Amino acid sequence: MDYAASTFAKIPKSALQKLSICSNTNLRRCLGLIRSTPTHVIYHMAAEMPTSYRIEMATAKEIIKCIAYNLPMKKIIITDKLSKNTSYYKIYQKYKLIFYNIATINTKKQSLRKIVTDDNFFKNTAKNKECNKNIINTILKEKIHLLESQQFELIFTDGSIKDNIMGAAFIHEKSNTTKSFYSNKKVASMTAELIAIQKAVEFAIIQNFKKIAILTDSLSSIFAIKNEESNNHIVQEIIEIINASNLDKIEIHYIPAHKNINQNEKADEAAKNANQNGERIRIPWTIKDAIKEIENKIRKEWETEYKGKITNKGKDYGQIYPEIIKKPWFQKKNTKLESRDIKVINRILSNHTFCKDTLNKMNIYDDNSCETCNTIENTNHILFHCNKYANIRSKYPLLQNHTTLIDIQKKYGDKMYNTITSFLKQCKLEL
Ligand SMILES: [Zn+2]
């Protein structure tokens with residue numbers, strides 16, 4: 001659905017509507033929803049953003065890559081030479097502050113010859129839940145002893161993300177040095193960990209160390225440094241400054257977090273408090289963090305739209321789901337329903353089912369009342385009240401003892417969907 005989407009951010013409303021209808025219809029069919037379901041409910045249920053937001057996101061991603069990789073388009077974009085009628089112009093203006101501040105990626109391959117990484121040392125011990133903290137500390141002591149006997153300077157690093165503030169710190173015990181840094185930017189935790197490593201390397205170079213061992217609890221940082229294709233500018237800078245320095249060798253070792261490793265706890269503490277007693281630094285966006293930042297902004301816009309709309313259409317659904325979600329309910333691990341049943345539940349949740357009330361509103365049926373009970377036949381009536389199914393319902397206390405879907409959803413969450421589908425099957429009803 002996102003094909004060529006980056007050129008669509010400025011298309012006329014009528015064209016956008018055509019695209020949206022196509023996307024709405026497909027999504028509605030996938031979810032098994034019926035035609036009368038409000039659009040915002042469809043997108044919410046699929047945990048997707050509506051077309052106009054997806055187009056914005058695709059455009060933003062392309063601009064971010066243009067800038068980061070220094071593509072020919074970058075010059076046109078940042079010198080404001082874009083035609084005002086373009087998709088790029090609209091999105092560039094909207095998120096200018098972020099685009100201004102994206103780090104450039106070096107496409108030249110860099111040599112990792114001075115760097116050795118070790119993510120394996122604690123693998124078997126740290127993953128074992130039985131393994132107690134004393135054992136880990138004993139192993140670490142041996143490791144430290146070995147590194148020191150080989151004349152390595154040991155530096156512990158850690159990063160933290162708290163209330164949208166990035167903190168990074170390193171500790172060199174031998175010189176009694178603890179340094180911390182912070183930035184008021186919302187970034188991934190790996191960014192904070194990498195900044196800590198970068199600062200540790202810079203410190204080692206100033207101290208004229210020849211061999212250093214960095215001990216970090218961030219496996220993802222180690223993998224990012226090992227990855228020759230990395231498009232993370234912090235990784236690139238770390239490797240660049242190492243290669244240009246007098247450092248002979250740098251080893252980066254993984255140590256497990258939260259295992260009472262004294263120096264790791266201290267680095268953690270320093271990173272967490274960096275905004276109180278550390279140095280404020282300015283960091284440009286990595287590609288990933290910039291994408292995430294814009295995605296969060298776009299998601300917020302969608303959330304505002306959704307919250308406004310459910311006060312009007314899809315009120316019942318809105319009571320179950322007042323906020324936007326990251327994953328559809330049926331993608332959760334413990335869902336064991338078949339796709340047919342998932343579709344039934346989707347219709348029930350949307351409150352647009354094949355009951356007479358909905359069909360009547362769609363002008364398919366001219367009557368909306370239940371033949372047995374002579375009241376309006378809606379979803380709640382069938383599930384909780386209809387006399388026709390009273391006998392079968394008596395075997396389902398969950399349905400017997402409640403009066404609305406919102407009621408049981410609030411109490412039992414997704415767990416009661418099995419009950420509903422099994423009840424409907426016994427009643428030979430397709431809702
Ligand atoms: Zn009835």
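**Figure 1. Overall view of the predicted model and its burial.** Of the 431 residues in the protein, 35% are buried. The structure is a predicted model, with a mean pLDDT of 92 and 98% of residues at 70 or more. It contains 22 helices and seven strands. Among these elements, helix H2 (residues 39–46) has the highest mean pLDDT, 98, whereas helix H7 (residues 123–127) has the lowest, 63. The C-alpha trace spans about 90 × 60 × 35 Å along its principal axes. The radius of gyration is 29 Å, against a value near 22 Å for a compact globule of 431 residues. Of the contacts between residues at least 6 apart in sequence, 72% join residues at least 24 apart.

**Figure 2. Domain division and the contact between domain 1 and domain 2.** Three domains are assigned: domain 1 (1–103 + 284–322), domain 2 (115–283) and domain 3 (329–426). Between the C-alpha centres of domain 1 and domain 2 the separation is 37 Å. Nine residues of domain 2 are in contact with eight residues of domain 1. On the domain 1 side, the touching residues comprise four charged, three nonpolar and one polar.

**Figure 3. Helix H1 and the glycine that follows.** Helix H1 covers residues 13–31, a run of 19 residues. From its first C-alpha to its last, H1 reaches 26 Å, close to the 27 Å expected at 1.5 Å a residue. Just after H1, Gly-32 adopts a positive phi of about 80°.

**Figure 4. Helix H3, a mostly covered element.** The 18 residues of helix H3 (residues 51–68) reach 26 Å between the first and last C-alpha, close to the expected 26 Å. Of these 18 residues, 14 are buried, and H3 is thus mostly covered. Asn-70, just after H3, has a positive phi of about 55°.

**Figure 5. Surroundings of Ile-77 in helix H4.** Ile-77 belongs to helix H4 (residues 72–78). Ile-77 is classed as partly exposed because 13 to 19 neighbours define that class, and the C-beta neighbours of Ile-77 inside 10 Å number 19. Leaving aside residues up to four places away in sequence, Ile-77 touches Ile-63, Cys-66, Leu-82, Tyr-88 and Tyr-92. One of these partners, Tyr-88, is 11 residues from Ile-77 along the chain, with 7.9 Å between the two C-alpha atoms.

**Figure 6. Helix H14 and its cover.** Helix H14 (residues 287–309) has 23 residues. Its reach from first to last C-alpha is 33 Å, close to the 33 Å expected at 1.5 Å a residue. Buried positions in H14 are Asp-289, Ala-290, Glu-293, Ile-294, Trp-302 and Tyr-306. In an α-helix there are 3.6 residues a turn, so residues three or four places apart point the same way. The cover over the buried residues of H14 includes H2, H3, helix H6 (96–99) and helix H9 (189–206).

**Figure 7. Gln-151, a residue with positive phi in a loop.** Gln-151 is located in the loop between helix H8 (133–149) and strand S2 (153–162). Although Gln-151 is not a glycine, its phi is positive, near 65°. Gln-151 is exposed because 11 other C-beta atoms lie within 10 Å, and the exposed class extends to 12 or fewer.

**Figure 8. His-258, a residue with positive phi in the loop after strand S6.** The loop that holds His-258 runs between strand S6 (249–254) and helix H12 (262–272). Phi of His-258 is near 55°, a positive value in a residue other than glycine. With 10 C-beta neighbours inside 10 Å, His-258 is therefore counted as exposed.

**Figure 9. Lys-425 in helix H22 and its separation from Asn-243.** Lys-425 lies in helix H22, which covers residues 417–426. Because Lys-425 has 13 C-beta neighbours inside 10 Å, this residue is classed as partly exposed. Lys-425 and Asn-243 are 182 residues apart along the chain, and their C-alpha atoms are separated by 68 Å.

Terms used. Residues are numbered from 1 along each chain as its sequence is written. This is a predicted model: local features need pLDDT of at least 70, side-chain atom pairs count only at pLDDT 80 or more; totals for chains, interfaces and linings use all residues. Domain bounds come from an automatic or database domain assignment. Two residues are in contact if their C-beta atoms, placed from the backbone, lie within 7 Å. Ala, Val, Leu, Ile, Met, Phe, Trp, Tyr, Cys and Pro count as nonpolar, Asp, Glu, Lys and Arg as charged, and the others, Gly among them, as polar. Helices (H or I, at least four residues) and strands (E, at least two) are DSSP runs, numbered from the N terminus. A residue is buried if 20 or more other C-beta atoms lie within 10 Å of its own, exposed if 12 or fewer, and partly exposed in between; C-beta atoms are placed from the backbone. The expected span of a helix is 1.5 Å times one less than its number of residues. pLDDT is the predictor's confidence in each residue, from 0 to 100. The radius of gyration is taken over C-alpha atoms; the globule rule is 2.2 Å times the number of residues to the power 0.38.
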